Amino acid sequence: MNGVLQITFIVILSVEFIIGIFGNGFIAVVNIKDLVKGRKISSVDQILTALAISRIALLWLILVSWWIFMLYPGQWMTDRRVSIMYSIWTTFNQSSLWFATSLSIFCFFKIANFSNPIFLYLKVRFKKVMIGTLIMSLILFCLNIIIINAPESILITEYNVSMSYSLILNNTQLSMLFPFANTMFGFIPFAVSLVTFVLLVFSLWKHQRKMQHSTHGCRDASTKAHIRALQTLIASILLYSIFFLSHVMKVWSALLLERTLLLLITQVARTAFPSVHSWVLILGNAKMRKASLYVFLWLRCRHKE
């Protein structure tokens, strides 16, 4: 592949890494600082902190594995090391996806307004819904880990039987299993986030119809709450969609012989979600906006000195 093009992608990845580390680090530091001072942090701040920490770990893992691959191609790619690397990556990746999905669910139940008895039942038991979401994510994570580690167990088992009964698993099948499994398990939180977004849009539409004959101020207050949430969710869903499509491309790239360029494109697209999304969350959260403005003014004053 063209060296200039490769360097370009490396620069983009490096910028994404810096943006992601600063963004997620800022979220984590602001909330942990409040926690250390003995202040009570809200449920959404707890989710934001867990999301930021998981993404910081994910970004460092992406950076380290990428540079090892670039500097020592093929020298460290043993089956055991690849299996460990994928397991660690899956741990932080699934954590990041489900914490982001939990934010979407939190936003939906706090802002949406439906008269449906199922919605009202779940809204009253909101904390149980969030706990159930985390339990479901843990179960799916365990299944994901079992599946991506299955080829190693299969190969060991088949090695002990006669050649006539051995199962043939070629490199293409093995290389496709990891991205395919992660794509399938990554689709579930993506679908949940997409459903909450669509329902929130529907809630806004119903609210506007219902409040057409109400007082102007009341209508504006509720509508602004919907719009603020939708602005954050639109950016989140867009980045989430790019992230999911990059996984689909990763599965497709496993079938190609010359796939270096496609792998670089998918890596850039996947890294954009945990890095850029952190700043979307900062801009969409009043507490984070206020803290970021304070830091900006402090840096500006320091620069003048």
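## Trp279 and the nonpolar patch

Let's start with Trp279, which is partly exposed in this predicted model. Its relative accessible area is 33%, a value that falls between the 20% limit for buried residues and the 50% limit for exposed ones. Trp279 is found in helix α9, which covers residues 260-284.

Trp279 also helps to make a nonpolar surface patch of about 640 Å². Its partners there are Ile7, Val11, Val15, Ile18, Ile19 and Phe22. Helix α1 (residues 3-36) gives the most to this patch, with six residues.

## The overall fold

Now step back and look at the whole chain. The protein has ten helices and zero strands, so along the sequence the pattern reads α-α-α-α-α-α-α-α-α-α. Of its 305 residues, 41% count as buried.

For one example from the outside, find Ile146 in helix α5 (residues 126-148). Ile146 counts as exposed, at 57% relative accessibility. The C-alpha atoms of Ile146 and Ser87 are separated by 9.3 Å, although these residues are 59 apart along the chain.

## A network of salt bridges

Which residues are linked in a network of salt bridges? They are Asp34, Arg39, Asp45 and Lys287. The structure holds three salt bridges, and you can trace them one by one.

Begin with Asp34, which forms a salt bridge with Arg39; their closest N and O atoms are 3.0 Å apart. Asp34 counts as buried at 11% relative accessibility, whereas Arg39 is partly exposed at 47%. Asp34 also has a salt bridge with Lys287, where the closest N and O atoms are 2.7 Å apart. Lys287 lies in helix α10 (residues 286-304) and Asp34 in helix α1, so this pair ties together parts that are 253 residues apart in sequence.

Lys287, which is partly exposed at 26% relative accessibility, meets Asp45 in a salt bridge as well, with an N to O distance of 3.2 Å. Asp45 sits in helix α2 (residues 43-71), so its pairing with Lys287 in helix α10 ties together parts that are 242 residues apart in sequence. Asp45 is buried, with a relative accessible area of 6%.

## Aromatic rings

The structure holds 15 aromatic pairs. One of them is formed by Phe190 and Phe244, whose rings are stacked: the centres are 5.2 Å apart, with 5° between the planes. This pair links distant parts of the chain, since Phe190 belongs to helix α7 (residues 171-210) and Phe244 to helix α8 (residues 216-253), 54 residues apart. Both Phe190 and Phe244 are buried.

Ring pairs also build a cluster from Phe106, Phe108, Phe109, Phe114, Phe119, Phe126 and Phe202. Phe126 has a further neighbour: Lys110 lies over the face of its ring, at 5.4 Å from the ring centre. In a similar way, Arg55 lies over the face of Phe273, at 4.8 Å from the ring centre.

## Cysteines

How many disulfides does the count come to? The count comes to zero. A disulfide is a covalent bond between the sulfur atoms of two cysteines.

Are Cys107 and Cys142 buried or exposed? Cys107 is buried, with a relative accessible area of 17%, while Cys142 is partly exposed at 37%.

Notes
Residues are numbered from 1 along each chain as its sequence is written. This is a predicted model: local features need pLDDT of at least 70, side-chain atom pairs count only at pLDDT 80 or more; totals for chains, interfaces and linings use all residues. Side-chain values use heavy atoms; hydrogens and water are left out. Rings of Phe, Tyr and Trp (its six-membered ring) pair if their centres lie within 6.5 Å; planes under 30 degrees apart count as stacked, over 60 as edge-to-face and the rest as tilted. Helices (H or I, at least four residues) and strands (E, at least two) are DSSP runs, numbered from the N terminus. Buried means under 20% relative accessible area, exposed over 50%, partly exposed in between (1.4 Å probe, protein chains only). A charge sits over a ring if NZ of Lys or CZ of Arg is within 6 Å of the ring centre and within 35 degrees of the ring normal. Patches are made of residues with over 30% relative accessible area and no salt bridge: like charges are joined within 9 Å, nonpolar side chains (Val, Leu, Ile, Met, Phe, Trp, Tyr) within 5 Å. Accessible areas come from the Shrake-Rupley method with a 1.4 Å probe; for residues, only the protein chains shown count as cover. A salt bridge is a side-chain nitrogen of Lys or Arg within 4 Å of a carboxyl oxygen of Asp or Glu. A disulfide is a pair of cysteine sulfur atoms within 2.5 Å.
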